[in-house]
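Please open the model in your viewer with the backbone drawn as a cartoon, and keep a selection prompt at hand. The tour moves from one selection to the next and says what is found at each stop.

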Amino acid sequence: MTFRTKLLLITSLTVTGSVALATGAISLWTRLTFERMDLDRRQTALRQFQKDLSTRGQEVAARVQKAAISETALRVAIEANRPSPDLSLLLNDARTLAETQSLDFLDLVQPDLSILSSAHWPARFGYKNDWAGAESGRTSPDPFLTRVPTQEGSAAALAAVRTVNAGEKKIFVLGAERLNPSFLASIGASPGTRAVLWLSAQEVFDANGPLIQGDRLALLAAEVERTGKPANATIQWEASNESAEALQAMPFLSGGKVVGVLFIGTSLREQIRLQRSILWTGLLVGASGILLGLLTGLWTTERVTRPVKLLAAGAKAVAGGDLNARVSISPGDEIGDLAESFNAMTVQLSEQRARAIQAERVAAWRELARRLAHELKNPLFPLQITVENLRKARAQHPQQFEEVFEQCTSTLLAELGNLRGIVDRFSDFAKMPQPTKGPAELNEVVRGVVRLFEAQFAARTTAPIELALQLSSEPLPVQLDQEQMGRALKNLVLNAMDAMPAGGTLRIRTAQAGGSVSLEVADSGQGLTQEECERLFTPYYTTKRHGTGLGLAIVQSVVSDHQGKISVTSEPGKGACFLITLPAGRVE
């Protein structure tokens, strides 16, 4: 992965992460805020409902009180306390009082709770009144919740009990208002909330009437009925999550028993819509942020990586030997300063290389002059002596001049031949021809060269040289000029033999590694110093007392023309090892 890609990825992830974190935080904060608001609203609505219910209970109690102090109730009490009362005369009095006070249920009962008259179920006169809480209602003026038996079944109601005194005798008036949708509507609810009353699985209603899917509240109602404590839950009425409603349930107690459950609910539609809006806004902002981050990252990475790429390209060019490479980057920042330093460095390197090349040329000419002077001095001295002898012989011994002349001319011709040989060697090095490559097998080339030296190895009996051939068992196909490569290998073998005047071991090894083949020539001779190894391939440099210093230079030239490499490793007293590496080829 490139630096540009990494920088672009980091920028995009940073923007995306920031937007996602902000969106999540806002969404969480909104949800918690709504939950607190809904809880407060439900609790407020519950308190208001309890307050309104208490007020409505006092109203019911007041109407029951009016019924209790009415002439009708007094007449019923007087008639009920006669020694032989005619109860049939009292049959419709309860209905009259209920209609007068707008009560849904009303019973006139004796102290033992025997019914004298019933407004909602006249046929029950003489039976015991079994309203839940009626017993405690006779001793308390507070209204209470109860279930009233009717011909259709029991009904929940808000009731109160009042006493009618007729002298020492008394009866009780039990009046109640039915708990139904109209009752809930008359109480009302706080804005944004609704009240749902659970009386049984078949009696679940709100201010609008019976509640569809009221059975969805069964589990929560059962928990409240079991524990007698308030509880909270969220109900999703439909498939859409916008139908979700947060509910707080409160038990209706009468005589220590739960007679109903009141649910105060708040719709979560607005909260869910707001959360969805925040989510979509976050996604939109996130997408915009990612796009902006990508554009910003592209612009940033382009500004950062383009100069770096230019510097890298310049460095590669310099590494490849192009010291004229320059980097064109506008100054003004650290990258610009780096580019200026790079350009200054290349200028200095170019100048240093020019000076080094000039110094090498001067050193090479000096070395050439020294070597030429040395090589030419040896044959010139005999030439000078021979000419001087000729002049003396002619002047002092004319009769012997012919004999001396023959001898001297032979000497002159021999030394002139030496001079020509010296000139030819230097000329050959200067005119090294380009190799004519062809398919060859490296092991066969080595064997051919070794055969040329078998006689010399056999002739050295006093200082024998042991030849150790370690050739690859596999063919080593190469493309090379066999004549030139053979000449290079001969020079290496001759150098190795010269390095072992007292005898030793000459080891020649071939091998293949990947796409290359290697040829190694090692001796056990006197070895070389580090400085000698560094200068060994320099033309006209030699460590021998007699030599032109061109042998290894020729070897290096041949190997280089074959796109190969040659190196030497040595230590004084431990011999030397020359390693040639050539590209592998294919034998046709």
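How many bridges join β13 to β15, and in which sense do these strands run? Six bridges join the two, and β13 and β15 run parallel. Before going further, please keep in mind that this is a predicted model.

**The whole chain**

With everything selected, the secondary structure of the protein chain amounts to 13 helices and 18 strands. Of the 588 residues in the protein chain, 40% are buried. If contacts with a separation of 6 or more are considered, 62% of them in the protein chain are between residues 24 or more positions apart.

**The sheet**

Now select β13, β15, β16, β18 and β17, which in that order form an open sheet of five strands with mixed pairing. At its edges stand β13, residues 465-470, and β17, residues 565-570, each of which pairs on one side only. Averaged over the sheet and with direction ignored, neighbouring strands are turned by 15° against each other.

Starting from the β13 edge, display alanine 468, which stands opposite arginine 507 in β15. The next step across the sheet is from β15 to β16, a pair that is antiparallel and spans eight bridges. To find a matched position here, select alanine 511, whose bridge partner in β16 is serine 518. The two strands β15 and β16 form a hairpin with two residues between them, and in the turn glycine 514 has a positive phi of about 65°. At the other edge, β17 pairs with β18, residues 576-583, in the antiparallel sense over six bridges. Valine 568 can serve as a marker there, since its bridge partner in β18 is phenylalanine 578.

**Helices on the sheet**

Keep the sheet visible and add helix α10, residues 442-459, which packs on the sheet and touches β13, β15 (504-513) and β16 (516-523). The direction of α10 makes about 175° with that of β15. Next add helix α11, residues 482-498, which lies across β13, β15, β16 and β18 and runs at about 25° to β16.

**From α11 to α13**

With α11 still selected, bring in helix α13, residues 551-561; the axes of α11 and α13 come within 9 Å and cross at roughly 145°. The crossing in which α11 passes α13 is left-handed. Which residues of α11 meet α13? On the α11 side they are Gln484, Met485, Arg487, Ala488, Asn491, Leu492 and Asn495, and they meet Gly551, Leu552, Ile554, Val555 and Val558 in α13. By class, the residues of this contact divide into seven nonpolar, four polar and one charged.

**Salt bridges**

The last part of the tour concerns charged side chains, so switch these to sticks. Side chains of opposite charge can pair when their charged atoms come close. Over the whole structure, a search finds 14 salt bridges.

Select arginine 56 and glutamate 59 first: they form a salt bridge in which the closest N and O atoms are 3.7 Å apart. Both residues lie in helix α1 (residues 3-68), three residues apart, about one turn of the helix. Is arginine 56 buried or exposed? Its relative accessibility is 14%, so arginine 56 counts as buried, whereas glutamate 59, at 41%, counts as partly exposed. Extending the selection to Arg63 and Glu177 shows a network of salt bridges that links Arg56, Glu59, Arg63 and Glu177.

Move on to glutamate 79 and arginine 82, whose side chains meet in a salt bridge with an N to O distance of 2.8 Å. Here glutamate 79 is buried, with a relative accessible area of 15%, while arginine 82 counts as partly exposed at 45%.

Finally, select aspartate 112 and lysine 128, which form a salt bridge with their closest N and O atoms 3.5 Å apart. Aspartate 112 lies in the loop between β1 (105-109) and β2 (115-118), and lysine 128 in the loop between β2 and α4 (134-137), so this pair ties together parts that are 16 residues apart in sequence. Aspartate 112 counts as partly exposed at 39% relative accessibility, and lysine 128 is partly exposed with a relative accessible area of 47%.

Methods
Residues numbered from 1 in each chain as written. Predicted model: local features only at pLDDT ≥ 70, side-chain atom pairs only at ≥ 80, totals over all residues. Heavy atoms only, no water. Pairing = 2+ DSSP bridges. Helix = DSSP H or I, 4+ residues; strand = E, 2+ residues; numbered from the N terminus. Axes fitted to C-alpha atoms, helices over the stretch in contact; angles between N-to-C directions. Contact = heavy atoms within 4.5 Å. Left-handed = near helix turned anticlockwise from the far one by under 90°. Nonpolar A, V, L, I, M, F, W, Y, C, P; charged D, E, K, R; others polar. Salt bridge = Lys/Arg side-chain N within 4 Å of Asp/Glu carboxyl O. Buried < 20%, exposed > 50% of the residue type's maximum accessible area, 1.4 Å probe, protein only.
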